[in-house]
Amino acid sequence: MAIDIQPACLGLYCGKTLIFKNGSTEIYGECGVCPRGQRTNTQKYCQPCTESPELYDWLYLGFMALLPLVLHWFFIEWYSGKKSSSALFQHVTALFECSVAAIVTLLVSDPVGVLQIRSCRVLMLSDWYTMLYNPSPDYITTIHCTHEAVYPLYTIVFIYYAFCLVLMMLLRPLLVKKIACGLGKSDRFKSIYAALYFFPILTVIQAVGGGLLYYAFPYIVLVLSLVTLAVYMSASEIESFKDLFLRKKRLIILLSHWLLHAYGIISISRVDKLEQDLPLLALVPAPALFYILTARYTEPSRILSEGANGH
């Protein structure tokens, strides 16, 4: 196979794009930015992304997909209040919106029309921030080689958020207007207004900290699930197994936290060795059991009452 011989490209992410191929002859262009869906290899040639995402990549995408759903549920519960019977329908609608957005995002991604994506392997943190590695050979002229080296893990999240926002604006206002009769007119749409704030925030977080989230999200899931579980159980004054089984809602929230614990453990271990990693899932109920067994010594109800009284 004949390949044109040219000087190696500068910088980490500058590459030569294939412009002509005839049999065993390949001719590459000058060093520059690789087209979308390609990244440079070790020889500085732009190669198409043909691999399938690893389990860890899917778990990362799942985490980014769960963020707006959890925020939807939080603000729906926060603004619905105890008098409204519409919270359940809004929860189901938010789940439907995010699920449809995820499916549509996969369908419009390459390859189009199937629930699969092709991707490039994430090799290091700098792959997420190629704009910071544009070379300047003479310290005056900058060669712009910014491209999505982690295709499509970076941009697919923005596409998903856009579909979530569009579906929410199409479905949620009609639903809330019809069934949120237990709320005042000014309170009916507060959960929707909240989403109009947190979607831009999530977008900025992904744009700036996508690479950091990729490596840190398993620990974020574990820490947040532990903290929120402790806060919820203390606020609900759950101090025994009997208190836990008084309401179905408490069991649903407990099971949700257990699923988050399992998600974080699987993300950290990556399930590289099943016989070693799967037994770690037995630790999922440990935080809740530890809380209930030690609640009699900490007395969270007394702490909450003292805090309410200003002591």
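Student: Where is Lys44 found, and how do you know where the elements around that loop begin and end?

Tutor: In this predicted model, Lys44 is found in the loop between strand E4 (38-40) and strand E5 (46-48). The limits come from DSSP runs, in which helices are H or I of at least four residues and strands are E of at least two, numbered from the N terminus. Residues are numbered from 1 along each chain as its sequence is written, and side-chain values use heavy atoms, with hydrogens and water left out. Since the model is predicted, local features need pLDDT of at least 70 and side-chain atom pairs count only at pLDDT 80 or more, while totals for chains, interfaces and linings use all residues.

Student: Why is Lys44 called buried?

Tutor: Buried means under 20% relative accessible area, exposed means over 50%, and partly exposed is in between, with a 1.4 Å probe and protein chains only. Lys44 has a relative accessible area of 16%, so Lys44 counts as buried. Its phi, near 70°, is positive although the residue is not a glycine.

Student: Tyr139 also has a positive phi in a residue other than glycine; is Tyr139 buried or exposed?

Tutor: Tyr139, with phi near 65°, is found in the loop between H2 and H3. Its relative accessibility is 77%, and because that lies on the far side of the upper cut-off, Tyr139 counts as exposed.

Student: Which bonds at Pro111 and Pro152 are cis?

Tutor: The peptide bond from Asp110 to Pro111 is cis, with omega near 0°, and a cis peptide bond with omega of about -5° joins Tyr151 and Pro152. Pro111 lies in the loop between helix H2 (87-108) and helix H3 (155-179), and Pro152 has its place in the loop between H2 and H3.

Student: What makes Tyr28 and Tyr45 an aromatic pair, and why is that pair called tilted?

Tutor: Rings of Phe, Tyr and Trp (for Trp, the six-membered ring) pair if their centres lie within 6.5 Å; planes under 30 degrees apart count as stacked, over 60 as edge-to-face and the rest as tilted. A search of the whole structure finds 19 aromatic pairs, and in the one formed by Tyr28 and Tyr45 the centres are 4.3 Å apart with 45° between the planes, so the distance meets the pairing limit and the angle falls in the tilted class. Tyr28 lies in strand E3 (residues 25-32) and Tyr45 in the loop between E4 and E5, so the pair ties together parts that are 17 residues apart in sequence. Both Tyr28 and Tyr45 are buried.

Student: Which residues do ring pairs link into a cluster?

Tutor: Ring pairs link Tyr56, Tyr60, Phe63, Trp128, Tyr154, Phe158, Tyr214, Tyr215 and Phe217 into a cluster.

Student: Why are H1 and H2 called roughly antiparallel?

Tutor: Axes are lines fitted to C-alpha atoms, for helices over the stretch in contact, and angles run from 0 to 180 degrees between N-to-C directions. Angles under 35 degrees count as roughly parallel, over 145 as roughly antiparallel, 65 to 115 as roughly perpendicular and the rest as oblique. The axes of H1 and H2 come within 10 Å and cross at roughly 155°, and H1 and H2 are therefore roughly antiparallel to each other. By class, the contact of H1 with H2 has nine nonpolar, four polar and two charged residues, where Ala, Val, Leu, Ile, Met, Phe, Trp, Tyr, Cys and Pro count as nonpolar, Asp, Glu, Lys and Arg as charged, and the others, Gly among them, as polar.

Student: What does His91 touch, not counting residues up to four places away in sequence?

Tutor: Contact means heavy atoms within 4.5 Å, and on that count His91 touches Trp73, Ile76 and Glu77. His91 is found in helix H2, and at 17% relative accessibility it counts as buried.

Student: How do you know how the axes of H1 and H4 are oriented?

Tutor: The axes of helix H1 (residues 55-80) and helix H4 (residues 190-235) come within 10 Å and cross at roughly 150°. That makes H1 roughly antiparallel to H4. The contact of H1 with H4 has, by class, 23 nonpolar, four polar and two charged residues.

Student: Why does Leu165 count as partly exposed?

Tutor: Leu165, found in helix H3, has 29% relative accessibility and so falls between the two accessibility cut-offs. Leaving aside its neighbours within four places in sequence, Leu165 is in contact with Leu196 and Phe199.
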